[in-house]
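Here is a short tour of a single chain, written for someone who likes to have the geometry to hand. Please keep the viewer open as you read.

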Amino acid sequence: MTQACCAVLLALAATQVAQANDFPTRARVEFVLDCMRSSKEPVQASMYKCSCAIDDIATKVTYAKWVDLSTVANATPIAGERGGVMRDMKDGRKIIASFRDLQASAKKHCFLDE
């Protein structure tokens with residue numbers, strides 16, 4: 001009976017880790033490199049803090065949700081019709097606010113000051 005309980009708990013834990021870790025390695029690396037470029041920290045410190053930030057974000061949203069949030073937030077400043085599509089979205093401002101809050105929370109959690 002004890003072994004069965006341990007197996008179930010282990011399976012549940014593995015499922016949660018897999019869901020929280022669905023960000024592809026390439027996306028994580030791109031985030032960390034971009035974060036490091038904009039950081040005023042020494043290289044080694046910024047690498048750890050930026051890695052912490054993407055890990056924190058990955059625990060809160062799925063990769064698909066992150067792509068949706070970042071697409072809207074990053075496309076809004078584009079001038080003309082292309083950016084207008086994002087600016088005119090029904091919940092565009094809420095999506096952008098959610099993206100910015102997620103980033104700010106991760107930076108705060110990882111002591112990442114820009």
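Helices here are DSSP runs of H or I with at least four residues, and strands are runs of E with at least two, each numbered from the N terminus. Read that way, the elements of this predicted model run α-α-α-α-α-α from the N terminus on. That comes to six helices and zero strands.

**The chain as a whole**

The chain has 114 residues, and 28% of them are buried. About 8,000 Å² of the chain is exposed, with carbon and sulfur atoms supplying 60% of that area. Contacts across the sequence are well represented too: among those between residues at least 6 apart, 59% join residues at least 24 apart.

**Aromatic rings**

How many aromatic pairs does a search of the whole structure find? The search gives four. Two of them share Trp66, and the table sets them out.

| Pair | Centre to centre | Angle between planes | Class |
|---|---|---|---|
| Phe31 and Trp66 | 6.1 Å | 70° | edge-to-face |
| Trp66 and Phe99 | 5.0 Å | 35° | tilted |

The pair of Phe31 and Trp66 ties together parts that are 35 residues apart in sequence, because Phe31 lies in helix α2 and Trp66 in helix α4. The pair of Trp66 and Phe99 also links distant parts of the chain, with Trp66 in helix α4 and Phe99 in helix α6, 33 residues apart.

Are these rings buried or exposed? Phe31 and Trp66 are both buried. Trp66 has a relative accessibility of 9%, so it counts as buried under the 20% cut-off. Phe99 has a relative accessibility of 2%, so it counts as buried as well. Ring pairs also bring in Phe23 and Tyr63, giving a cluster of Phe23, Phe31, Tyr63, Trp66 and Phe99.

**The largest pocket**

Now to the pocket. The largest one holds about 460 Å³ of space. It is lined by 21 residues, of which Phe31, Asp34, Trp66, Asn74 and Gln103 are the closest to its centre. Phe31 and Trp66 therefore appear both in this group and in the edge-to-face pair described above.

Which elements give two or more residues to the lining? They are α2 (25-38), α3 (43-60), α4 (63-75) and α6 (92-109). Helix α2 provides the largest share, six residues. By residue type, the lining divides into twelve nonpolar, four polar and five charged residues.

Terms used
Residues are numbered from 1 along each chain as its sequence is written. This is a predicted model: local features need pLDDT of at least 70, side-chain atom pairs count only at pLDDT 80 or more; totals for chains, interfaces and linings use all residues. Side-chain values use heavy atoms; hydrogens and water are left out. On a 1 Å grid over the protein atoms alone, a cavity is a set of points where a 1.4 Å probe fits but cannot get out, and a pocket is an open set with protein on both sides within 12 Å along at least five of seven lines; lining residues have an atom within 4 Å of a point. Grid points are joined across faces, edges and corners, and a volume is the space filled by probe spheres set on the points. Ala, Val, Leu, Ile, Met, Phe, Trp, Tyr, Cys and Pro count as nonpolar, Asp, Glu, Lys and Arg as charged, and the others, Gly among them, as polar. Buried means under 20% relative accessible area, exposed over 50%, partly exposed in between (1.4 Å probe, protein chains only). Contact means heavy atoms within 4.5 Å. Accessible areas come from the Shrake-Rupley method with a 1.4 Å probe; for residues, only the protein chains shown count as cover. Rings of Phe, Tyr and Trp (its six-membered ring) pair if their centres lie within 6.5 Å; planes under 30 degrees apart count as stacked, over 60 as edge-to-face and the rest as tilted.
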